[in-house]
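Hi everyone, thanks for coming. I'd like to walk you through one structure today, so let me put it up on the screen.

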Amino acid sequence: MKISVCGKGGSGKSTIVALLANEARAKGYRVLVVDSDESNSGLFSMLGFDHPPVPLMELVGGKKSLQQKMGQPSVLAESRIVLEDLPSQYLVQKDGLTLVGIGKILQSLEGCACPMGVLSREFLKKLALEKDEMAIVDMEAGVEHFGRGVDTSIDSVLIVVEPPLESVNVGQKIHDLASGIGIRNVWAVLNKVPSGEIAARLRKELQKRQIEVVGCIYFDADIFSSSLDGRTPVKGVAVQEIKEVADRVLAKAGMSASG
């Protein structure tokens, strides 16, 4: 299963990725998290790692080299990628959880992130998973990754929606684009919701747009505190609420607990 976590900037995608990855591990899966967001740099600490992996961009010679190959049908030499084939510096691992990163924008005037989109697309297309493995992809904010074709090898899309209407509108666009390329498993998870009333209004609005909601993560001070400290969220209401989200996502995707 390859599931992408998408949404408006600031909606809490990386937090949902970290929560979902930890819960999937608890259910017995080997979990690969793919950091495909070229802006956010804190995902590794939220997953409990001391440092990020060397970006895969370096494995193919860096951004400049990749730009020269963008017109070619295949960027990576391998036709099939398994994690064991990657040199150790390009991933960080512990207790069945693995993180790989595509690359980051590091300096001004560096140019667009299109080469990173190409690498994300090729890596996900060639990534081979075993039955007890799942990949969770932290996508860049917004919808540009659909234009780059990054999502063409994704099985399921989880849209993170927070209370502002702008987030709902972006969620609608993501839903339509994902459905348009044939992804049947497209759901929304509500995040940073302050009250049951707001949750009900969000659910109603998404229902009108024919977007299925698989769970709700209420505003949780513990999550904000752990995010500020750069540590793994291990307690609080959200850690409990993500269990229901994971159960529904796995059931709807035709998967069951592995362990």
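Let me start with a question: which ring does the charged end of Lys 94 sit over? The ring belongs to Phe 49, and the charged end is 5.7 Å from its centre. Keep in mind that this is a predicted model. As for pairs between aromatic rings, the count is 0, with ring centres required to lie within 6.5 Å.

Now the overall picture. The protein chain has 259 residues, and 53% of them are buried. The chain holds 10 helices and 8 strands. If you take the contacts with a separation of 6 or more, 80% come from residues 24 or more positions apart.

On to the helices, and α1 to begin with. Its 14 residues reach 20 Å from the first C-alpha to the last, close to the 20 Å expected at 1.5 Å a residue. How much of α1 is buried? The helix is mostly covered, with 11 of the 14 residues buried. Among them are Lys 13, Ser 14 and Thr 15 at one end of the list, and Glu 23 and Ala 24 at the other. After α1 comes Gly 28, which has a positive phi near 100°.

My other helix is α7, residues 165–180. With 16 residues at 1.5 Å each, α7 should span 22 Å, and its end C-alpha atoms are indeed 22 Å apart, so the two values agree. The expected span counts one less than the number of residues, in case you were checking my arithmetic. The buried residues of α7 include Val 168, Val 170, Ile 174 and Ala 178, along with Gln 172 and His 175. What covers them? The cover includes the strands β1 (2–7), β6 (156–161) and β7 (185–193), as well as the helices α6 (144–147) and α8 (196–208). Just after α7, Gly 182 takes a positive phi of about 90°.

Finally, the pocket, for those of you who like a bit of empty space. The largest pocket has a volume of about 380 Å³. Which residues lie nearest its centre? They are Gly 12, Lys 13, Ser 14, Thr 15 and Asn 40, out of 25 that line the pocket. The elements giving two or more residues to that lining are α1 (13–26), α2 (43–46), β7, β8 (212–218) and α9 (221–229). So we meet two old friends here: Lys 13, buried in α1, is back in the pocket lining, and β7, part of the cover over α7, is on the lining list too.

That's my tour, thanks for listening!

Conventions. Residues are numbered from 1 along each chain as its sequence is written. This is a predicted model: local features need pLDDT of at least 70, side-chain atom pairs count only at pLDDT 80 or more; totals for chains, interfaces and linings use all residues. Side-chain values use heavy atoms; hydrogens and water are left out. Rings of Phe, Tyr and Trp (its six-membered ring) pair if their centres lie within 6.5 Å; planes under 30 degrees apart count as stacked, over 60 as edge-to-face and the rest as tilted. A charge sits over a ring if NZ of Lys or CZ of Arg is within 6 Å of the ring centre and within 35 degrees of the ring normal. Helices (H or I, at least four residues) and strands (E, at least two) are DSSP runs, numbered from the N terminus. Buried means under 20% relative accessible area, exposed over 50%, partly exposed in between (1.4 Å probe, protein chains only). Contact means heavy atoms within 4.5 Å. On a 1 Å grid over the protein atoms alone, a cavity is a set of points where a 1.4 Å probe fits but cannot get out, and a pocket is an open set with protein on both sides within 12 Å along at least five of seven lines; lining residues have an atom within 4 Å of a point. Grid points are joined across faces, edges and corners, and a volume is the space filled by probe spheres set on the points.
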